[in-house]
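Subject: Structure handover

Hello,

Here is the structure I promised you. Please open it first, then read the notes below.

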Amino acid sequence: MGTPESSREPCPDRILDDIGGAFGMGAVGGGAFHFIKGTYNSPKGSRFMGGRQAVTMNAPRLGGSFAVWGGLFSTFDCSMVYLRQKEDPWNSIFAGAATGGFLAMRQGPSSAVRSALFGGVLLALIEGAGIALNKMLAQPQHMQMEEGMMQMGQVPGMQMPSQVQAQAIPEDTSSSSSSWLGGLFGKKNDEGQTSSGSETKVLESFDAPPVPSFEYK
């Protein structure tokens with residue numbers, strides 16, 4: 001069960017996602033490391049074979065170890081999210097401490113406590129570095145937005161978003177539309193009237209001439 005402010009996967013899916021990601025990271029990273037180590041330690045003429053054999057023997061083991069760590073960490077993290085009903089860096093710090101202590105339980109209580117402290121401090125450093133990095137990246141963007149808003153307000157003719165929202169809405173749009181329609185039809189009527197007037201004028205200009213009289217004066 002994830003919270004809205006969480007950018008990670010929801011908790012039931014998060015465990016499987018972290019297990020697969022941790023296994024891939026351990027297998028790929030450990031495979032590259034052991035391939036270089038096996039190639040360096042192999043005799044001439046069989047360096048490639050030695051590197052491939054080292055990857056085959058060690059890469060799955062490292063991937064499995066990483067997958068176990070990632071699965072336990074995600075399980076403890078989701079448990080803390082469920083108990084506290086919120087998601088923050090404290091969940092990850094407690095999950096790191098619990099994972100380190102749980103994996104070192106077979107070596108005794110003192111070793112488990114040391115591993116738990118080491119895991120908690122390590123996760124605290126990681127979370128602190130992530131928070132500091134996010135703040136450093138967010139501050140320039142916030143300053144750029146403020147400068148852009150100030151420049152928009154200083155430019156003549158430009159209005160701020162608050163000013164645009166504060167502008168009055170036209171009182172009646174139907175009157176403007178009706179006046180527009182009325183003007184359009186009125187214009188057509190005027191044109192009809194002018195055209196009819198011109199037609200009467202043309203007809204009047206073509207009146208028959210007066211009939212001549214043949215009376216003797």
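The second largest pocket is lined by Asp18, Gly21, Ala22, Met25, Ser65, Phe66, Trp69 and Gly70. Two elements each give two or more residues to that lining: helix H1 (11-41) and helix H2 (47-84). The space in this pocket is about 170 Å³. By class, four lining residues are nonpolar, three are polar and one is charged.

A word on the source. This is a predicted model, where local features need pLDDT of at least 70 and side-chain atom pairs count only at pLDDT 80 or more, while totals for chains, interfaces and linings use all residues. Residues are numbered from 1 along each chain as its sequence is written, and side-chain values use heavy atoms, with hydrogens and water left out.

Now the pocket terms. On a 1 Å grid over the protein atoms alone, a pocket is an open set of points where a 1.4 Å probe fits, with protein on both sides within 12 Å along at least five of seven lines; lining residues have an atom within 4 Å of a point. Grid points are joined across faces, edges and corners, and the volume is the space filled by probe spheres set on them. Ala, Val, Leu, Ile, Met, Phe, Trp, Tyr, Cys and Pro count as nonpolar, Asp, Glu, Lys and Arg as charged, and the others, Gly among them, as polar.

The overall picture

The protein has six helices and zero strands. Helices (H or I, at least four residues) and strands (E, at least two) are DSSP runs, numbered from the N terminus. Of the 217 residues, 23% count as buried (under 20% relative accessible area, with a 1.4 Å probe and protein chains only; exposed is over 50%, partly exposed in between). Take contacts (heavy atoms within 4.5 Å) between residues at least 6 apart in sequence: 51% of them join residues at least 24 apart.

H1 and H2

H1 has 31 residues. Its first and last C-alpha atoms are 44 Å apart, close to the expected 45 Å (1.5 Å times one less than the number of residues). Its buried residues include Asp18 and Ala22. H2 is part of what covers the buried residues of H1.

H2 has 38 residues and reaches 54 Å, close to the 56 Å expected. H2 bends by about 30 degrees at asparagine 58 (the angle between axes fitted to the seven residues ending there and the seven starting there). Proline 60 follows within four residues. After H2 comes glutamine 85, in the loop between H2 and H3. Its phi is near 60 degrees, a positive value in a residue other than glycine.

H3 and H4

Helix H3 covers residues 89-103. Its end C-alpha atoms are 21 Å apart, which agrees with the 21 Å that its 15 residues should span. Among its buried residues are Asn91, Ile93, Ala98 and Gly101.

Is threonine 99 buried or exposed? Threonine 99 is buried, with a relative accessible area of 0%. Threonine 99 sits in H3. Leaving out residues up to four places away in sequence, threonine 99 touches Trp69, Leu72, Phe73 and Phe76.

Leucine 117 is in helix H4 (residues 109-154). Leucine 117 is exposed, at 57% relative accessible area. The C-alpha atoms of leucine 117 and glycine 101 are separated by 8.0 Å, and these residues are 16 apart along the chain.

Best wishes
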